[in-house]
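Me: I am in my first year and would like a close look at a single part of this model, namely the way its helices are packed. Please take me through it slowly and in one connected account.

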Amino acid sequence: GHASNSGLGPTTGCAVAMHALNNIVGLGALVDGRIRIAPKPVDPNWTEPCILWGVTCGESGVGKGPAARSIIRAIYGHEHALRQIGEKAREEFQWKKSQWEDACAKARKAGGARPDAPERPLIDRLITENFTIEALTDIALENRRLYLLIHKEELASLWGAMDAYSAQRAADKDRPFILSLYEGEPYTVDRASQNGQPRSQFIPALGASISGGVQPSTLARIVHRGHFTEDGMMARFMIVHGAPQKSGEERGVKPVLNAAFHRLIDRMIALAAGSEPVQLSPAAHELRIEASGWIRRAAASHLPAGMGAHINKWEALLCRLALAYHCMGCAAQNMPMVAPILERHILERAWLFLRGFLWHHSMYFYLGVLADHGAKNLRRDLAAHILVRLSPKNCILTTTELMHYFTPWEDMKWPAKQELL
C-alpha cells in the first residue's frame with residue numbers, strides 16, 4: 001500500500017505530505033461502494049463507506065498539481081480502459097433492445113405476451129471533474145461501483161460553482177447535495193419527463209470522494225464567506241499544507257515502484273465486497289474505543305473555531321481511513337475479495353495518520369490560516385466603520401458606539417477587542 005508514496009514526491013519537486021493525502025484519497029475512491037466497515041459490533045446499523053475528502057493547501061508554485069498528477073493520471077488511464085468495455089456493453093444492449101422491440105411488435109400482432117426487456121448494463125466509473133447535481137446523478141444511475149472520485153486541480157471552483165444554474169443563488173440547493181456525497185446513502189432523483197409528468201429514479205448509494213488544491217488565502221475567504229465551518233463542509237475535509245521545496249536532485253520514478261503502483265490500482269478496482277461489512281478484530285475494537293475517548297476530549301478542549309467540529313468527524317474518519325488501508329493490504333496480497341476482519345495494526349496505521357500527521361496540518365489551518373484571515377477582515381471592517389462614522393466634527397469613537405454599530409464587537413472577548421483596537 002505504500003508503493004504509491006515511495007519515491008514519487010521528490011521527483012515532482014513538491015511536498016511528500018501532499019502526495020500522501022492525494023494518494024490515500026485517490027486509492028480510497030477505488031474501493032467498491034459495497035465495501036463498508038461496521039465500527040461497532042453491537043451496532044450493525046452504523047457502517048462507514050470508504051469516502052474521503054482531501055484538499056492540499058499551498059501558495060502558487062508549491063506543486064499542488066504535480067502532487068496529484070501520478071494518482072490522477074493513473075486513475076484516468078484505468079477509467080479509459082473501463083469506458084471502452086462499457087461502450088461495447090452498450091452497443092450490445094442497443095442491439096438486444098432493437099431485437100426486443102421487434103419481438104414486442106410481433107407479440108402485439110399475435111396477441112401474445114410481451115417478452116422481457118433486456119437489462120441495461122451498468123458500467124464502471126472511477127473519476128470525474130463534473131460536480132453538478134444533474135451530472136453526478138446521471139453518472140450514479142449507471143455506475144456499477146456506486147462511488148467515484150471528483151478531482152479538481154483548483155478546488156475553489158467546486159464551491160464557486162454551487163448553484164451555477166440557479167436563478168436564485170440564495171436557495172443554495174447544491175450545498176446540501178454536496179454534503180450528502182460524503183455519506184454515500186440512497187438517493188432518489190425526481191425529474192420531469194418530456195410529457196411533464198414527474199419521473200423518479202432510485203440510486204442505491206450516491207457518494208463521492210473529493211480531492212484538489214487551493215491557495216490558503218482563497219480557501220480562508222471561501223470558508224468565511226460561505227460559513228463552511230458552521231454547516232460541516234470544512235469539517236469533512238482533511239487538509240494538508242505544502243511549502244516550497246528546496247532544489248535537489250532530479251530523478252525519475254523507479255520502474256519497479258511504478259509497476260507496483262499500477263498493479264495496486266488494478267487490484268483495488270477488482271477487489272470485491274464480502275457478504276457483510278468489514279468488522280474490527282477485538283484488539284482493533286479496543287484501540288477504536290481508546291481513540292474515540294481521545295477524540296472526544298480533544299473536541300471538547302479549547303480548539304480554534306471550526307476545528308472542534310472537524311475533530312468530531314475523526315471517529316468516523318478513523319474507520320474510513322482504516323478501511324482504505326485494509327483494502328490496500330488486501331489488494332497488495334492479490335486477494336479477490338476483501339478480508340472480513342480488520343486487524344489492530346491496520347487501525348494503528350490510520351490512527352497514526354490522523355494524530356501524528358493530520359493533527360498538525362489541521363491545527364495550522366484553523367489556528368493560523370483561518371484565524372489570520374478573520375483578524376485581517378475585522379481590522380479592515382473596523383477601519384471602514386471608522387471612515388464612515390467619523391467626521392472632522394466628530395473624531396471620538398466610543399465603545400458604546402462600537403457596541404451599537406459595529407456588529408462583531410458584541411461577540412468578541414475583551415482581549416480580542418483590545419488587540420483589534
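Reply: Helices here are DSSP runs of H or I with at least four residues, strands are DSSP runs of E with at least two, and both are numbered from the N terminus. Counted in this way, the protein chain has 13 helices and ten strands, and it should be kept in mind throughout that the model is a predicted one. Of the 421 residues in the chain, 48% count as buried. Among the contacts with a separation of 6 or more, 75% are between residues that lie 24 or more positions apart.

A good place to start is helix 1, which covers residues 16-29. Its packing with helix 2 has an angle of about 25°, and the two axes are 8 Å apart. Angles under 35 degrees count as roughly parallel, and that makes helix 1 roughly parallel to helix 2. As they pass, the two helices form a right-handed crossing. On the side of helix 1 the contact is made by Met18, His19, Asn22, Asn23, Gly26 and Leu27, while helix 2 supplies Lys64, Pro66, Ala67, Ala68, Ser70, Ile71 and Ile75. Sorted by class, the residues of this contact are seven nonpolar, five polar and one charged. When you look at such a list, it helps to know that an α-helix has 3.6 residues a turn, so residues three or four places apart point the same way.

Met18, which lies in helix 1, deserves a moment of its own. Its relative accessibility is 0%, and because buried means under 20%, Met18 counts as buried. Setting aside the neighbours within four places in sequence, Met18 touches Thr56, Val62, Gly63, Lys64, Ala67, Val240 and Gly242. The C-alpha atoms of Met18 and Cys57 are 8.5 Å apart in space, although 39 residues separate the two in sequence.

Cys57 and Val240 lead from the helix to a pair of strands. Strand 3 (residues 53-57) runs parallel to strand 8, and five bridges join them. In this pairing Cys57 stands opposite His241 of strand 8. Strand 8 itself, residues 237-241, is mostly covered, with five of its five residues buried. From this strand Phe237, Ile239 and His241 point one way, whereas Met238 and Val240 point the other way, and the residues on both sides are buried. Val240, then, is both a buried residue of strand 8 and one of the contacts of Met18.

Helix 1 has a further partner in helix 10, which covers residues 314-332. The axes of these two helices come within 10 Å and cross at roughly 75°. Since angles of 65 to 115 degrees count as roughly perpendicular, helix 1 and helix 10 are therefore roughly perpendicular to each other. Here Ile24, Leu27 and Gly28 of helix 1 meet Leu321, Ala324, Tyr325 and Met328 of helix 10. This contact divides into six nonpolar residues, one polar and no charged. Leu27 is worth finding in the picture, for it is listed in the contact with helix 10 and also in the contact with helix 2.

The path now continues along helix 2, which spans residues 64-110 and also packs with helix 7 (residues 255-270). The angle in this case is about 50°, with the axes 11 Å apart, and helix 2 and helix 7 are therefore oblique to each other. Helix 2 passes helix 7 in a right-handed crossing. The residues that meet are Ser70, Ile71, Ala74, His78 and Leu82 from helix 2 and Phe261, His262, Ile265, Asp266 and Ile269 from helix 7. By class, this contact holds six nonpolar, three polar and one charged residues. Ser70 and Ile71 are listed in the contact with helix 7 and in the contact with helix 1 as well.

Elsewhere in helix 2 sits Lys96, which has a relative accessible area of 39% and is therefore partly exposed. Its C-alpha atom is separated by 8.7 Å from that of Ala117, which is 21 residues away along the chain. Lys96 thus makes a useful contrast with Met18, since Lys96 is partly exposed, whereas Met18 is buried.

How values were computed. Residues numbered from 1 in each chain as written. Predicted model: local features only at pLDDT ≥ 70, side-chain atom pairs only at ≥ 80, totals over all residues. Heavy atoms only, no water. Axes fitted to C-alpha atoms, helices over the stretch in contact; angles between N-to-C directions. Parallel < 35°, antiparallel > 145°, perpendicular 65-115°, else oblique. Left-handed = near helix turned anticlockwise from the far one by under 90°. Contact = heavy atoms within 4.5 Å. Nonpolar A, V, L, I, M, F, W, Y, C, P; charged D, E, K, R; others polar. Buried < 20%, exposed > 50% of the residue type's maximum accessible area, 1.4 Å probe, protein only. Pairing = 2+ DSSP bridges.
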